[in-house]
Each structure stands twice: as structure tokens, then as C-alpha cells.
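Please review the fold and packing of the protein shown here. A short report follows the display.

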Amino acid sequence: MEGIIAIWQRDLKKFFRDRARLFGSFTMPILFLLIFGGGLSGTMETMMTGNFGEGSESFNYVEFIFPGIVAMTLLMTAIFSAMSVIEDKNFGYMKEILVSPISRVSIAIGKMLGAATVSTIQGVILFLLIPFLGLSYSIYSLLLVIPFMFLLGAALSGVGLLFASMIKSTQGFQLIVQILVMPMVFLSGALFPINNMPFWLDVIVKINPVTYGVDVMKKIMIDVDSLSATVRETMGLNLTVFGRQVTVFEEILFVFAFAILFVAIATVSFKRAHA
């Protein structure tokens with residue numbers, strides 16, 4: 001347990017000391033807010049009001065995508081935090097850990113907790129933009145969503161750890177992860193509805209953990225009940241699997257299982273890479 005805490009604390013210290021990393025992680029989310037929120041909000045809201053009339057006038061597109069932007073921040077931060085594993089290997093720090101009594105499992109869990117904590121902190125910092133965006137999420141919903149943000153960050157960090165255990169260079173890691181991150185964002189419902197997808201894309205959507213993370217965050221943060229049934233359906237707020245609408249509890253359970261599975265796989269891969 002002490003080894004897990006030590007690795008966790010080390011990653012947190014590195015995060016707070018690296019101001020460039022802190023600033024750079026907000027560039028992409030803010031750009032997406034400006035491009036999609038500022039550029040498409042009027043079009044989306046007009047379309048909703050014109051097509052669905054009564055019950056849709058309260059639809060706010062920026063409010064709809066903000067939880068998705070936060071989820072995107074969690075995704076990028078959690079996965080890229082795993083790059084520290086490669087840096088530690090290159091600088092010899094990893095060898096020092098491996099010859100210590102700390103188990104491989106403890107190393108993986110410590111790294112996962114560090115990435116989850118850092119990503120959650122950066123997601124919460126985005127909440128500071130809420131007043132400037134003219135949004136009005138309740139304090140209760142924001143507090144309620146934070147523990148789930150940590151869980152989602154932990155699950156996504158497992159993906160990063162798996163790749164970091166197999167790749168030897170930071171350049172290769174960045175290339176592979178960039179190819180992985182964008183489809184996970186665009187096929188999650190973070191920025192636009194994911195209804196009526198072709199079958200092969202719909203399969204990817206349903207196995208994408210970010211899909212369930214975004215859906216849970218939207219249902220916690222947005223007053224979905226105030227929207228008409230038609231608007232909820234059109235904007236993909238009624239996520240179904242095998243024709244059955246999934247509950248928030250089932251989505252949380254899926255993300256939790258995904259986190260355990262990928263940390264376990266990353267640990268096995270880690271053991272083989274450093275055997």
C-alpha cells in the first residue's frame with residue numbers, strides 16, 4: 001500500500017510542478033467549446049425549436065456538449081499521463097522501482113490512481129468556465145459527478161498504461177494515442193448525437209467506454225427530464241444496447257468493469273515487458 005501511495009504522490013507532484021502541461025491540456029477542450037459551442041449552438045438550437053416546437057425551446061447546445069468536453073479532458077489527460085511510464089523507463093527510474101519490493105500490480109495501480117486524480121483535477125478546473133458560458137448547472141450535480149469523473153479517469157488510464165507498457169518511445173506513444181483518442185471522442189456522443197449510425201460504427205460506439213462516461217455525466221449534470229421525449233431521443237440521451245435502454249447504474253458498472261479489466265491487462269503486459 002505504501003508503494004501505491006508513493007507512486008500516486010509522485011505523479012501528483014510532477015503535475016503541479018509542470019505548468020506548461022497544465023496549461024496545454026486545456027487548449028483542445030477550449031477550442032472545441034469555441035468551435036462547436038460558439039459556431040454550432042445557434043444552428044442546433046434553431047433546428048430543435050423549428051422541428052420539435054413546444055418542449056424544445058429550453059434546449060441549450062452548449063449545456064449539452066459541456067459534459068462531453070469535460071469527458072474529453074478526462075480522456076486526453078488520463079491516457080497521456082501514462083506517458084510518464086515511458087519517460088521513467090528512459091531515465092532509469094523504472095529500473096529502481098522494479099528492483100524494489102513494490103509489486104508490478106502496485107506500480108500499475110499507483111500510476112492509475114495518479115492519472116485518475118490528475119484528470120479529475122483538470123476536469124474540475126473546467127467547471128470554472130461555467131459562469132462565463134452562461135450555464136447553470138446545480139452545485140449538487142457538479143459535486144455528484146466528481147466521483148464518477150475519477151472512476152472514468154481511472155478506466156481510461158488503464159488504456160494508456162497498456163500502450164505505455166508495450167511502446168518504447170514517447171513519439172510512438174503519442175502517435176498511437178492520437179489515432180486512438182479522436183475516434184473515442186467523436187464516437188462517444190460528446191459533441192453530437194450518435195443515433196442512426198451504420199452498424200459497424202454503432203458497434204464501436206457501444207464498446208467505447210467514453211460513450212457511457214459521457215452519457216452518465218450528461219444525465220447527472222443536465223436536467224434531462226425538462227426536455228421533451230423527442231428531443232431526448234434526437235440528441236441521443238436515450239442510449240440503448242441491444243434495443244434496451246441502459247440505466248445509469250449499468251453504465252457506471254460497465255465503466256468500473258472496464259477499469260478493472262484494463263488495469264489487469266496492463267499489469268500483465270507490464271510484467272512481460274519488464275520480466
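The report below goes from the whole chain to one helix, its core and one serine.

This is a predicted model: local features need pLDDT of at least 70, side-chain atom pairs count only at pLDDT 80 or more, and totals for chains, interfaces and linings use all residues. Residues are numbered from 1 along each chain as its sequence is written, and side-chain values use heavy atoms, without hydrogens and water.

The protein chain has 13 helices and two strands (DSSP runs: H or I, at least four residues; E, at least two; numbered from the N terminus). Of its 275 residues, 50% count as buried (under 20% relative accessible area, 1.4 Å probe, protein chains only).

Helix α4 covers residues 61-81. At 1.5 Å a residue, its 21 residues should span 30 Å (1.5 Å times one less than the number of residues), and its end C-alpha atoms are 30 Å apart, which agrees. Because 20 of the 21 residues are buried, α4 is largely enclosed by the rest of the structure.

The largest nonpolar core (buried Ala, Val, Leu, Ile, Met, Phe, Trp, Tyr and Cys joined through side-chain atoms within 4.5 Å) has 75 residues. α4 gives the most to this core, with 14 residues. Phe-66 is among the residues with the most contacts inside the core.

Ser-188 lies in the loop between α9 (170-186) and α10 (199-207). At 2% relative accessibility, Ser-188 counts as buried. The table lists its side-chain polar contacts (N or O pairs within 3.5 Å, one able to donate a hydrogen and the other to accept it; residues adjacent in sequence count only if both atoms are side-chain atoms).

| Side chain | Backbone partner | Distance |
|---|---|---|
| Ser-188 | Met-184 oxygen | 3.5 Å |
| Ser-188 | Ala-190 nitrogen | 3.3 Å |
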